[in-house]
Each structure stands twice: as C-alpha cells, then as structure tokens.
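Welcome! Take a moment to look over the chain below, and then follow this briefing through it topic by topic.

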Amino acid sequence: MNIFRLVGDLAHLGAIIILLIKIWKTRSCAGISGKSQILFALTYLTRYMDLVTSYISLYNSVMKVTFIATSLLTLYFIYYKFKATYDSNHDTLRIEFLLIPVTLLALVLNHEFTVFEILWTWSIYLESVAILPQLFMINKTGEAETITSHYLFALGSYRALYILNWIYRYWMESYYDLIAIVSGIVQTVLYCDFFYLYVTRVLKGKKLQLPA
C-alpha cells in the first residue's frame, strides 16, 4: 500500500467520524442528505461483498467492515433515531435518475460480465455521483454548517488522494484501472466548487454560504 491510498483511506474514515460526531453531539441530522447516505451505503454493501469470498489483509477487512457498519449506523440515525430532525423537504433529488444510468453503465462497461464484477463496477459508478443529493441539498438551502463542510471536505479529499494513488500505481507498478480512474475524476470534479468555497470561506472562519 502506498502513502496516497493510506492517507486517502484515513481521510475517508475521518469524514465518516466527523459526520457521526456531528449527528450525535447535536442530536440532529439537519443539513445531511439521507439520500446521499443511502447511495453510499449501497456503494459499500455491493463493493465489499468479496468479504465473504476472499481475504486480502486484516487492514483491508477491517476497513471494509467499518465502512459498511458506519454507513448503516448513519442511516439508522437519519431515518430512525433522529428522524424528526431530518430535513426531507430539501433533500429532494430523485436518486432513481442516478441509479438507472449507473446500472445500465455497469451492465455495459465492466471488466467481466459476472455478478461480483458487475456489482463492483456498479459501486464504483455509484460512488462517483453519490454526493450529488448532498450538494443539491446545499444548493437549495444556500448554506451548510461548518461541521458538515468539514465532512464534505474530508470526503472530497479522499477521492482526490485516490487519483494520486492511481498515478502512483501506474508509475510504480504499471497498473491502471480506467473504470476506477475515470469515476474518481468525475467524483472529484463534482467537489471543485465546494472546495473553492471551503477554502475561501470556511478556512477563514466564515459559514459556507453560496453566492447570492
């Protein structure tokens, strides 16, 4: 494992921890898109089905179980424990408009037409657009809490670091995976406007608000 993947994994884990702490401390899911969290949970559940068929390393298994468990815990908080605080009125992006094209793409563009490979490919495509309901929600409300901004920045950083991971692997191992690379680039591009606002506002101690 190279440094970019390790730091990327830690950024990913950090994002999830920030989100869960935010929800637990405030006893509120306000500002969090439940639909994005559903898509992330589906991503992890389908991508890590190999947990039952293969063993790579303790680190790999622990991280996979952690991502699955925390995604389900997040959904429990949003749709059950703190359901009264969930802002469904602003979480309105129709995820079927994401799920349908992602499914069709996975069936057409994959490395091998097998169940596990198609599910893995589907999870890669899905993750690239899973943040869209959250970004759409912020666009509707015009703002995001500072702690939510930190969560999104850590999540976006994870994907950006994984691009460096792929560059490193191509340079050092002559290995590349176009599906993962292109999907990762798409996902990172979706964060670009948010990154700009984060740097120009949140890091200066201001609340993240969209320009009028």
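Two residues are in contact when they have heavy atoms within 4.5 Å. With that rule, tryptophan 24 touches Phe77, Lys81 and Phe82, leaving out residues up to four places away in sequence. Please keep in mind that this is a predicted model.

**Overall build**

- The chain contains 9 helices and 2 strands.
- If you walk along the sequence, you meet these elements in the pattern α-α-α-α-α-α-β-α-α-α-β.
- A compact globule of 212 residues would have a radius of gyration near 17 Å, and the chain agrees with this because its own value is 17 Å.
- The C-alpha trace spans about 45 × 35 × 35 Å along its principal axes.
- Of the contacts with a separation of 6 or more, 77% are between residues 24 or more positions apart.

**Surface and interior**

- Of the 212 residues in the chain, 44% are buried.
- The accessible surface of the chain is about 11,100 Å², and carbon and sulfur atoms account for 69% of that area.

**Charges and salt bridges**

- Side chains of opposite charge can pair when their charged atoms come close.
- This chain carries 17 positive and 13 negative side chains, and the centres of these two sets are 10 Å apart.
- The count of salt bridges comes to 8.
- One of them joins aspartate 9 and arginine 5, with 3.9 Å between the closest N and O atoms. Both residues sit in helix α1 (residues 3-26), where they are 4 residues apart, about one turn of the helix.
- Are the two partners in that pair buried or partly exposed? Aspartate 9 has a relative accessible area of 5%, which is under 20%, so aspartate 9 is buried. Arginine 5 has a relative accessibility of 28%, which lies between 20% and 50%, so arginine 5 is partly exposed.
- Another salt bridge brings together the side chains of arginine 47 and glutamate 127, at 2.7 Å from N to O. This pair links distant parts of the chain, since arginine 47 belongs to helix α2 (residues 34-47) and glutamate 127 to helix α5 (residues 115-129), 80 residues apart.
- Both ends of this link are buried: arginine 47 has 11% relative accessibility, and glutamate 127 has 2%.
- Arg47 and Glu127 also belong to a network of salt bridges that includes Arg159.
- Lysine 64 and aspartate 50 form a salt bridge too, their closest N and O atoms being 2.9 Å apart. Because lysine 64 is in helix α3 (residues 58-81) and aspartate 50 is in the loop between α2 and α3, the pair ties together parts that are 14 residues apart in sequence.
- Lysine 64 is buried, at a relative accessible area of 9%.

**Two residues and their surroundings**

- Tryptophan 24, whose contacts opened this briefing, lies in helix α1. Its relative accessibility is 43%, so tryptophan 24 counts as partly exposed.
- How far apart in space are tryptophan 24 and tryptophan 166? Their C-alpha atoms are 35 Å apart, while 142 residues separate the two in sequence.
- Isoleucine 163 is part of helix α7 (residues 146-173), and it is partly exposed, with a relative accessible area of 22%.
- Which residues does isoleucine 163 contact, apart from its neighbours within four places in sequence? These contacts are Gly184, Ile185 and Thr188.
- From isoleucine 163 to serine 183, the C-alpha to C-alpha distance is 9.8 Å, and the two are 20 residues apart in sequence.

**Backbone angles to look for**

- Arginine 27 has a phi near 55°, a positive value in a residue that is not glycine. You will find arginine 27 in the loop between α1 and α2.
- With 39% relative accessibility, arginine 27 counts as partly exposed.
- Serine 174 also has a positive phi, of about 55°, although it is not a glycine. The place to look for serine 174 is the loop between α7 and α8 (178-190).
- Is serine 174 buried or exposed? At a relative accessible area of 61%, which is over 50%, serine 174 is exposed.

Conventions
Residues are numbered from 1 along each chain as its sequence is written. This is a predicted model: local features need pLDDT of at least 70, side-chain atom pairs count only at pLDDT 80 or more; totals for chains, interfaces and linings use all residues. Side-chain values use heavy atoms; hydrogens and water are left out. The radius of gyration is taken over C-alpha atoms; the globule rule is 2.2 Å times the number of residues to the power 0.38. Buried means under 20% relative accessible area, exposed over 50%, partly exposed in between (1.4 Å probe, protein chains only). Accessible areas come from the Shrake-Rupley method with a 1.4 Å probe; for residues, only the protein chains shown count as cover. Lys and Arg count as positive and Asp and Glu as negative; His and the chain ends are not counted. The place of a charge is taken as NZ of Lys, CZ of Arg, CG of Asp or CD of Glu. A salt bridge is a side-chain nitrogen of Lys or Arg within 4 Å of a carboxyl oxygen of Asp or Glu.
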